[in-house]
Number of protein chains: 2
Amino acid sequence: MNTAMLTALAEPNRLHIIELLRDGGPLTIGEITSRLELNQPQTSKHVRVLSEAGLVEVEPVANRRIIKLRPEPFQQLDSWLETFRSMWEDRLDRLDDYLREIQAQDKTFDQS
Amino acid sequence: MNTAMLTALAEPNRLHIIELLRDGGPLTIGEITSRLELNQPQTSKHVRVLSEAGLVEVEPVANRRIIKLRPEPFQQLDSWLETFRSMWEDRLDRLDDYLREIQAQDKTFDQS
DNA sequence: CTGAAACATTCCTTTACAGGAATATTCCTT
DNA sequence: AAGGAATATTCCTGTAAAGGAATGTTTCAG
């Protein structure tokens, strides 16, 4: 895994920016600034960090910058999480076993 | 999302510890120390951070501590990621559209 | 060409945190 | 009870990073 991405997400304001973008589509620096009640320079700095971590794409349009989420890092994070999934799916496996048992019982009943 | 968890994961040595535990099952402080070539105090400190973030469970057994992964935070992270999944599944939707187009064309061919 | 809007950059200060070294604690063995 | 193994804690130092304030840059409108 990429620790740069995690470092970027670990800061509350930046995480908040990410969720703003997830919910509210692409936003400009100014929009993020007002919705998060930050100062504009801090917003710019945070977006810069997010951009350098690849989490966000910055598209200059005239006077302003349009910030959008990039899906790739989230996919990466997702497939990294995959490698842990067996941890909590053990329980589901046990449920599976249980269901299989029930099914076996049903068969027994069918034959009786 | 929990930024404490992300902060804990964002440090390379700690991330490494997590992956060690994922791959090698529960480990003691000493085992982590030697496999990661850290000093023992740093290992203890990092494990403490991981523990306070809930990522890890520390079970004292006599002289040593047995460190295990806790599934819950990874589940949390997973369901947080769910809220982003539509982002990269749009492409699959577009593929769907494409397939539907092809199918429509086939119908046209059938009629000719 | 001037001014204003939208951002970026720089400088400064404060704080958090990682690593190293030394020391303290806990627990088992004998 | 003593010593050693495994781990924790403390103290120190350096560094990175966040926020504030001020200023610089770009772009459009008029």
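1. DNA strand D is surrounded by 21 residues, where near means a heavy atom within 4 Å. The closest are N13(A), K45(A), G30(B), Q40(B) and S44(B). This is a predicted model: local features need pLDDT of at least 70, side-chain atom pairs count only at pLDDT 80 or more, and totals for chains, interfaces and linings use all residues. Side-chain values use heavy atoms, with hydrogens and water left out.

2. Sugar or phosphate accounts for 60% of the atoms of DNA strand D within 4 Å of the protein; the rest belong to bases. A polar side-chain atom of H46(A) sits 2.8 Å from a phosphate oxygen of the strand. For I29(B), a backbone N or O atom lies 3.4 Å from a phosphate oxygen. N63(B) places a polar side-chain atom 3.3 Å from a base nitrogen.

3. Which element gives the largest share of the surface near DNA strand D? α4(B) does, with five residues. By class, this surface has four nonpolar, ten polar and seven charged residues. Gly counts as polar here.

4. Now the protein interface. Chain A and chain B each put 27 residues into the contact (heavy atoms within 4.5 Å). The area buried between them is about 2500 Å², 75% of it from carbon and sulfur atoms. Buried area is the accessible area (1.4 Å probe) lost on putting two parts together, summed over both.

5. Two salt bridges cross this interface (Lys or Arg side-chain nitrogen within 4 Å of an Asp or Glu carboxyl oxygen). D78(A) and R85(B) form a salt bridge at 2.5 Å, N to O. On the side of chain A that touches chain B, α5(A) supplies the largest share, 14 residues.

Note on methods:
Residues are numbered from 1 along each chain as its sequence is written. Chains are lettered from A and ligands numbered from 1 in the order in which they are written. Helices (H or I, at least four residues) and strands (E, at least two) are DSSP runs, numbered from the N terminus. A polar contact is a pair of N or O atoms within 3.5 Å; within protein, one must be able to donate a hydrogen and the other to accept it, and residues adjacent in sequence count only if both atoms are side-chain atoms.
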